[in-house]
Amino acid sequence: MVRNGARTYGSRRGRGAVLAALAVVLGLLAGFGQGPAPAWGAGGAACQVSWVGNEWTGGFTAQVTVTNAGAAVSSWKLSWTFAAGQQVTSGWNAQLVQSGTAVTASSLSYNGTVASGGSVSFGLQGTWSGSDPTPADFAFNGASCQGGSGTPSPTPTPSPTPSPSPSSSPSPSPSSSPSSSPSPSPSSSGSTGCAGAGTVVCSGFEDQSGSSLSGDWTVAAPDCSGAGTVTVDTAVAHSGGRSLRVNGQAGYCNHVFAAATANVAAVGPVVYARYWVRHTTALPADHIAMVTMADSADGNKHLRLGGQNGALQWNRESDDATLPAQSPVGVAQSVPLPVNQWVCVRFAVDTTKQSMDTWLNDRLVPGLHDDGVPTADIDQQWLSRTAAPRPVTLDLGWEAYGNGADTLWYDDVALGSAPISC
């Protein structure tokens, strides 16, 4: 099960300011149901740190944003300790070194300069056993973020589902990567609506009058047909009273989908999509697909979002390339799909150059990040084809190539030319 959380560390001068800040944050968090208020240190702090975590059994990712409360710097190091012995396995936008429980993240050539009051972001992935507490002893260039001098900038306002939103440095989000162009992950407003300019698919299946698809959706088997069914369900829904139910069967060629009848070919230059999904069986070791889109830039072969080795992956039908690579290191950069609960999946595909990103519950998945620059175990194999994809269809369902059966539901589906929140 994925557990998300965000904590902020820093300080303000004076008891009155501290109490006021805490009152504001507590009020916001009480309204949004985000859990305990951020912890603040005493006295002036050298920095302020936001740690936005995404956790599953035995693993986690974190998006870290550091605000410099002191003088401008041309390079930086952020250090902390893991109280429960967590281990860093990879990172992005910083060089990470761990010795025992002590971790240091150092700036890279392109993000060392941070102005006074400016911010820089980086990310990391790791493993844990027993517990996974958020670090609380950050130091910026050797000065404690719970002491030192300087006045930290105001605490970012929490949102119902925080999303990694870098401020001044490249990050694995397609918007801020040096070679990518999709816009930043939009913060969730808690709404499942999707009507807006540039949106061509916006469906909660409430317009479906019976159990068989009609109107905006039709049953399809893009590659080959076999066992499996797609129906409109009135017993399980993320919102409203209807959803799309897929009974996916194991075995090669058991492919069944609901195909959107809307014209997707004109969406762009970045194709943004969002859907809520609930499934009952953990992703199998064998390859499966849940979303397929015909790619007109690749002979209408399908661009497929699904899973392999128990984790989410993209797969390209034309050459069977995957994102991330299916090595142990590559698979560790992705995440499983939680079962027996509704989760929000979003992705952005640039049609002008190689650039893709995918979010699970508004958390960027590091292994599903293609920025056009080959990275071993992530997008090195994917970038063997340099042409940008051009999705022209949208299909939701289940595609098996071996073992792996599942019953799953889709709801609140959207696709368009602008970012769509969860």
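This passage describes strand β24 and the salt bridges of a predicted model. Residues are numbered from 1 along each chain as its sequence is written, and side-chain values use heavy atoms, with hydrogens and water left out. Because the model is predicted, local features need pLDDT of at least 70 and side-chain atom pairs count only at pLDDT 80 or more, while totals for chains, interfaces and linings use all residues.

Strand β24 (residues 395-400; strands are DSSP runs of E of at least two residues, numbered from the N terminus) is largely enclosed by the rest of the structure, since six of its six residues are buried (under 20% relative accessible area, with exposed over 50% and partly exposed in between; 1.4 Å probe, protein chains only). Asp395, Gly397 and Glu399 point one way from β24, and Leu396, Trp398 and Ala400 the other way. Strand β15 (residues 255-260) pairs with β24 in the antiparallel sense over five bridges, pairing requiring at least two DSSP bridges between two strands, and Leu396 is the bridge partner of Ala258. Strand β17 (residues 288-295) is likewise antiparallel to β24, joined to it by four bridges, with Glu399 as the bridge partner of Ala289.

Six salt bridges are counted, each a side-chain nitrogen of Lys or Arg within 4 Å of a carboxyl oxygen of Asp or Glu. Glu399 forms one with Arg304, the closest N and O atoms being 3.4 Å apart; Arg304 lies in strand β18 (residues 301-308), so the pair ties together parts that are 95 residues apart in sequence. Glu399 is buried at 0% relative accessibility, and Arg304 is buried at 5%.
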